[in-house]
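Open the model in your viewer and keep the selection tool handy. We will go from the whole chain to a few chosen side chains.

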Amino acid sequence: RDPNILPLYYLTVRSLVGHQPPELWLRLPSALVGALSIPLLYAILTQWAGRSVGLVAAVLLTFSPFHLWYSQEARPYALLLLLSLAALRLMQTALAHPSPPRKAAVAVASAAVFYCHTIGLGFLAFLALHPLLVLPRHRWREWLAPAIITALLVSPGLVRLRRTRP
């Protein structure tokens with residue numbers, strides 16, 4: 001019933017409800033996606049800042065008390081991190097090797113971030129601005145279609161969010 005948490009997380013754990021012991025099965029998805037976030041962060045930062053920075057960041061995330069805590073909760077935060085990192089990694093790949101399928105993957109992954117939690121809206125703003133910051137002005141137009149696709153994908157969630165707000 002939390003209007004900030006859109007359905008993606010609940011759809012991922014829905015099939016696990018009813019298994020015994022219930023706490024283990026509800027926490028397992030967060031533990032798995034929390035673990036998958038570590039190599040993904042390494043890959044992103046290795047491309048941006050080099051192998052040593054990627055390795056240090058991966059080690060820090062591995063032992064981060066907040067990351068460990070959120071990776072044990074039956075809440076969407078670990079999934080939110082993984083989806084955000086996946087969208088960012090897809091963005092890196094699409095910027096380095098542009099193609100329509102890669103840009104569509106960025107749009108879908110970006111929308112998934114929002115459908116995990118409404119805090120993803122801030123990250124969507126970053127993803128929308130990122131190409132404008134790293135690409136020359138004459139290449140901005142090629143990111144218009146992925147931005148429109150993302151906006152269309154998140155619009156039902158925005159309508160739902162608007163209806164649940166006082």
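The stops below start with the overall fold and end with single residues.

**Stop 1: the whole chain**

Before you select anything, note that this is a predicted model. Show the chain as a cartoon and colour it by secondary structure: you should find 8 helices and 0 strands. Followed along the sequence, the pattern reads α-α-α-α-α-α-α-α. The radius of gyration is 17 Å, close to the 15 Å that the globule rule gives for 166 residues, so the chain is as compact as a globular protein of that length. Turn the chain along its principal axes, and its C-alpha atoms fill a box of roughly 55 × 45 × 30 Å.

Now switch on contacts between residues at least 6 apart in sequence: 73% of them join residues at least 24 apart.

**Stop 2: surface and charge**

Add a surface. The chain exposes about 9900 Å², and carbon and sulfur atoms supply 71% of that area. Buried residues, for their part, make up 38% of the 166 residues. Next, colour the charged side chains. There are 15 positive and 4 negative ones, and the centres of the two sets lie 11 Å apart.

How many salt bridges does the chain have? The count comes to 3, and the next two stops visit them.

**Stop 3: a pair within helix H2**

Select Arg27 and Glu23 and show their side chains. They form a salt bridge, with the closest N and O atoms 3.0 Å apart. Both sit in helix H2 (residues 22–49), and because they are 4 residues apart there, about one helical turn separates them. Is Glu23 buried or exposed? Glu23 counts as exposed, at 52% relative accessibility, while Arg27 is partly exposed at 33%.

While you are in this helix, select Pro22, which also belongs to H2. Pro22 is partly exposed, with a relative accessible area of 41%. Draw a distance from its C-alpha atom to that of Tyr10, 12 residues away along the chain, and you should read 15 Å.

**Stop 4: a network of three**

Move to Glu142 and Lys103. This salt bridge has its closest N and O atoms 3.5 Å apart. The pair links distant parts of the chain: Glu142 is in the loop between helix H7 (120–134) and helix H8 (144–164), whereas Lys103 is in helix H6 (residues 100–116), 39 residues apart. Check the accessibility of each partner: Lys103 counts as buried at 11%, and Glu142 is partly exposed at 28%.

Keep Glu142 selected and add Arg139. Here is another salt bridge, with the closest N and O atoms 3.0 Å apart. Which residues end up in one network? Lys103, Arg139 and Glu142 do, joined by salt bridges that share partners.

**Stop 5: a buried histidine**

For the last stop, select His130, which lies in helix H7. Its relative accessible area is 9%, and residues under 20% count as buried, so His130 is buried. What does His130 touch, leaving aside its neighbours within four places in sequence? Show Trp48, Met91 and Leu95: these are the residues in contact with His130. Display the four side chains together to see this set of contacts around His130.

Notes. Residues numbered from 1 in each chain as written. Predicted model: local features only at pLDDT ≥ 70, side-chain atom pairs only at ≥ 80, totals over all residues. Heavy atoms only, no water. Salt bridge = Lys/Arg side-chain N within 4 Å of Asp/Glu carboxyl O. Helix = DSSP H or I, 4+ residues; strand = E, 2+ residues; numbered from the N terminus. Buried < 20%, exposed > 50% of the residue type's maximum accessible area, 1.4 Å probe, protein only. Rg over C-alpha atoms; globule rule 2.2 N^0.38 Å. Contact = heavy atoms within 4.5 Å. Areas by Shrake-Rupley, 256 points an atom, 1.4 Å probe, with all protein chains shown as cover. Lys, Arg positive; Asp, Glu negative; His and termini not counted. Charge placed at Lys NZ, Arg CZ, Asp CG, Glu CD.
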